Amino acid sequence: MNRNLLHFAMLAVMTIAFGGCASLSPMEEAQKQFEEFQETRPPAAAVETGDAKIDNISHASAELYGFTIRYLDEYIAAADNRKEYLGFIAEVEYLMKNKNISREAAYEEVRKACMAEAPEIWPKVVEGYNAVNALEPENKLNELLPLVPRAAQIVADASSLQSSLLGFDAAIINKLSAVKSVLVQAKFSGKALDFLVRQYQLNQEAKAFMADAQAE
């Protein structure tokens with residue numbers, strides 16, 4: 001078994017060396033990002049400055065952030081105690097990229113490694129897949145995809161405003177601080193939405209394989 005599949009099978013939380021440089025395994029990267037979305041969230045409230053342009057963008061960002069957190073918490077509730085599923089998906093993506101093999105071949109390789117080294121993990125993979133699939137990924141994608149450009153537009157608008165604010169008086173500094181808060185919030189929303197879209201897409205990609213695997 002290669003060292004990445006070994007990381008998956010053992011569910012190790014450790015650092016491994018690639019070419020002498022410290023790096024995380026695909027599973028660890030997936031879990032790290034998942035945990036960041038749980039633990040490093042910006043404030044939810046809109047900021048109020050009295051400047052109509054800033055306040056309008058701030059309210060738009062806060063509204064989008066509220067939608068994003070609702071979708072994110074729903075996904076986290078389904079996958080939080082089933083991180084083996086996240087590891088499985090991450091390892092498949094890693095093998096496809098680095099071994100230049102098909103998705104189906106990567107699914108089978110990771111599954112075989114899991115069954116050989118730590119068969120008790122496979123039921124948690126299946127459980128995680130089913131929990132996410134129960135959220136109806138196709139419908140979720142239809143709801144999430146239109147939000148992605150909204151996040152990008154808010155970031156663009158806030159960045160433009162930030163560049164236009166010149167000076168060092170208290171009013172300008174207050175506005176710059178408010179715009180920075182909007183940017184942090186909107187960038188979080190954009191990153192989380194990208195994550196959710198990709199996770200639901202990957203769940204759909206696994207549909208046929210998981211159906212066959214569960215039918216055996």
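Here is a short conversation about one residue and two helix pairs in a predicted model.

Visitor: Let's start with Ser61. Why is Ser61 called buried?

Guide: Happy to explain! Its relative accessible area is 1%, and buried means under 20%, so Ser61 counts as buried.

Visitor: Where is Ser61 found, and what does Ser61 touch?

Guide: Ser61 is found in helix 3, residues 52–79. Leaving aside residues up to four places away in sequence, Ser61 touches Ile154, Val182, Gln185 and Ala186.

Visitor: On to the helices. What makes helix 6 oblique to helix 10?

Guide: Helix 6 (residues 122–133) and helix 10 (residues 207–215) pack at about 130°, with axes 11 Å apart. Roughly perpendicular ends at 115 degrees and roughly antiparallel needs over 145, so helix 6 is oblique to helix 10. The crossing is left-handed.

Visitor: Which residues meet there?

Guide: From helix 6 come Trp122, Val125, Val126, Tyr129 and Asn130, and from helix 10 Lys207, Phe209, Met210, Ala213 and Gln214. By class, this contact has 7 nonpolar, 2 polar and 1 charged residues.

Visitor: And how do you know how helix 7 and helix 9 are oriented to each other?

Guide: The axes of helix 7 (residues 137–144) and helix 9 (residues 170–205) cross at roughly 150° and come within 9 Å. Angles over 145 degrees count as roughly antiparallel, so that is the term for helix 7 and helix 9. Helix 7 also passes helix 9 in a left-handed crossing.

Visitor: Which residues of helix 7 make the contact?

Guide: Pro137, Glu138, Lys140, Leu141 and Leu144 do, and their partners in helix 9 include Leu193, Tyr200 and Gln204. The contact divides into 7 nonpolar, 3 polar and 2 charged residues.

Definitions and conventions:
Residues numbered from 1 in each chain as written. Predicted model: local features only at pLDDT ≥ 70, side-chain atom pairs only at ≥ 80, totals over all residues. Heavy atoms only, no water. Helix = DSSP H or I, 4+ residues; strand = E, 2+ residues; numbered from the N terminus. Buried < 20%, exposed > 50% of the residue type's maximum accessible area, 1.4 Å probe, protein only. Contact = heavy atoms within 4.5 Å. Axes fitted to C-alpha atoms, helices over the stretch in contact; angles between N-to-C directions. Parallel < 35°, antiparallel > 145°, perpendicular 65-115°, else oblique. Left-handed = near helix turned anticlockwise from the far one by under 90°. Nonpolar A, V, L, I, M, F, W, Y, C, P; charged D, E, K, R; others polar.
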